[in-house]
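Reader: I am new to this structure. Please take me through the terms used for it, one by one.

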Amino acid sequence: MHVQTQSRKLQLNSSMAIWSQLPPDLLLLIAQRLNTHFDLLCLRSVCSSWHACVPSRLRPSRFQILPTDGTSCSLYLSKRIIVCLRLPETQCQPTNCSWLIKVEEDVPGMAHLVNPLSTSQFKHLPTNFPKTIDFSRFRVSELGQEYVLQYMNRRPSGEADEWSLRKEKVTCSRTSNGEDFSMLTIHKSGKLAMFRPGDTRLTIIYDMPSRCDDLIFFNGEFYAVDNTGRTVTVSTGSPPVLSLIADSVFGGDKKSLVESNSELLMVDTYFCPGIRGLMKIAARFKVFKLDQTAHMWVEVESLGDQILFLGEKSTFSAVASEFCGCEGNCIYYTHTFFFRNGHRDHANTTIGIFNLENGNMGPLSSFPDYSKVIWPPPAWAYTDNIGEK
């Protein structure tokens with residue numbers, strides 16, 4: 001028995017030695033097929049030889065976009081990743097066992113933690129919160145991505161500038177090599193606007209009769225929905241071609257697209273009558289699922305174990321069981337209040353939650369079990385005692 005055990009140890013050690021000596025070219029091929037940046041981090045952490053062979057980043061996190069109107073205005077497209085951090089399964093699980101964050105790496109090697117539903121960086125972090133986070137200590141699930149257009153030099157002052165985009169959604173598809181991309185966004189006019197590899201200016205798409213509310217990259221295609229619920233796919237050809245996917249769904253005031261459980265959903269937000277300042281207050285929501293065969297939106301009565309998140313710049317979903325104390329069939333949403341202080345415009349975003357089953361809703365602070373998913377950060381995320389409750 002002792003001899004067999006020793007033999008098994010030798011076999012295991014021999015296998016580990018073989019894996020650690022994989023040819024660098026093969027390792028790079030494996031790395032290029034990983035779905036997320038955090039999968040790449042895990043691959044590099046397997047052993048020292050893999051860490052040395054595989055670069056920390058295979059694809060750029062930002063792309064520069066240059067207009068051709070002769071101005072000094074330049075933009076770049078940056079990516080943010082929405083992740084759920086959890087303790088390793090071998091650790092004792094505390095009551096607040098998950099933390100939902102957004103990671104922004106605007107400058108290579110320099111990351112910021114951002115509220116997952118807004119564009120605001122986390123403030124007032126604990127004094128002992130580290131300046132560097134070792135993500136290999138946790139189980140990391142990537143729930144979504146968002147792309148944001150940023151001005152590099154200055155914002156255009158002219159209202160007619162083609163780069164004066166609505167500060168809402170940007171969606172992006174990348175080629176297999178990760179070097180080129182196609183971008184779809186919403187122009188200030190409410191029309192769709194596209195930027196493709198080789199383009200030197202935006203292509204404004206005038207084929208949608210109503211203002212566009214939202215867009216998403218789903219199953220390898222761009223989808224867009226207008227404020228009536230009319231939904232199209234958008235090709236990246238020249239010129240772009242719109243194909244009708246579903247007819248209008250009248251009723252609500254704001255349409256949002258979100259992928260959930262490999263299906264495309266549309267959330268219809270009903271606002272309270274009247275506007276307080278520049279803030280529209282959500283009163284209730286309806287959820288629809290796309291029936292691509294019948295070319296129509298079908299109302300959904302229950303989300304089951306799914307939770308939907310409607311953020312300022314992105315939408316995503318998660319399974320409620322990933323968050324301790326949370327139940328499914330609910331929607332996290334945002335209120336953004338715009339105001340002017342002196343000569344500058346400001347925005348303040350608050351988060352609310354809506355239960356699709358009973359219609360209960362309110363500010364996130366009124367639902368502690370749901371609030372702790374986002375704030376405050378759990379102690380295990382920034383201390384060495386990650387196994388303690």
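Author: What follows is a set of short questions and answers about this structure. This is a predicted model, in which local features need pLDDT of at least 70, side-chain atom pairs count only at pLDDT 80 or more, and totals for chains, interfaces and linings use all residues. Residues are numbered from 1 along each chain as its sequence is written, and side-chain values use heavy atoms, with hydrogens and water left out.

Reader: What makes Phe129 and Tyr382 an aromatic pair, and why is the pair called tilted?

Author: Rings of Phe, Tyr and Trp (its six-membered ring) pair if their centres lie within 6.5 Å; planes under 30 degrees apart count as stacked, over 60 as edge-to-face and the rest as tilted. Here the centres are 5.6 Å apart and the planes make 40°. So the rings pair, and the pair is tilted. The whole structure holds 14 aromatic pairs.

Reader: Where in the chain do Phe129 and Tyr382 lie?

Author: Phe129 is in the loop between strand 4 (110–114) and strand 5 (139–151). Tyr382 is in the segment after helix 5 (368–371), 253 residues apart from Phe129. Helices (H or I, at least four residues) and strands (E, at least two) are DSSP runs, numbered from the N terminus.

Reader: How do you know whether Phe129 is buried or exposed?

Author: Buried means under 20% relative accessible area, exposed over 50%, and partly exposed in between (1.4 Å probe, protein chains only). Phe129 has 12%, so Phe129 is buried. Tyr382 has 18%, so Tyr382 is buried too.

Reader: Why does Phe271 count as partly exposed?

Author: Phe271 has 24% relative accessibility, which lies between the two limits, so Phe271 is partly exposed. Phe271 belongs to strand 15 (residues 263–271).

Reader: Which residues is Phe271 in contact with?

Author: Contact means heavy atoms within 4.5 Å. Leaving aside neighbours within four places in sequence, Phe271 touches Asp253, Lys254, Lys280, Ile281, Ala282 and Ala283. The C-alpha atoms of Phe271 and Lys254 are separated by 8.2 Å.

Reader: What makes Arg284 sit over the ring of Tyr270?

Author: The rule asks for NZ of Lys or CZ of Arg within 6 Å of the ring centre and within 35 degrees of the ring normal. The charged end of Arg284 is 3.9 Å from the centre of the Tyr270 ring.

Reader: Which residues touch the most other members of the largest nonpolar core?

Author: They are Trp99, Leu100, Ile101, Phe309, Phe323 and Tyr332, in a core of 36 residues. A nonpolar core is a set of buried Ala, Val, Leu, Ile, Met, Phe, Trp, Tyr and Cys residues joined through side-chain atoms within 4.5 Å. Strand 2 gives the largest share of this core, 5 residues.

Reader: How do strands 10 and 11 pair?

Author: Two strands pair if DSSP finds at least two bridges between them. Strand 10 and strand 11 (residues 221–226) have 6 bridges, so they pair, in the antiparallel sense.

Reader: What is unusual about Asn219?

Author: Most residues other than glycine have a negative phi, and most peptide bonds are trans. Asn219 is not a glycine, yet its phi is positive, about 50°. Asn219 lies in the loop between strand 10 and strand 11. At 59% relative accessibility, Asn219 is exposed.

Reader: Which residues does a cis peptide bond join?

Author: One such bond joins Trp375 and Pro376, with omega about 0°. The bond from Ser238 to Pro239 is also cis, with omega near 0°.
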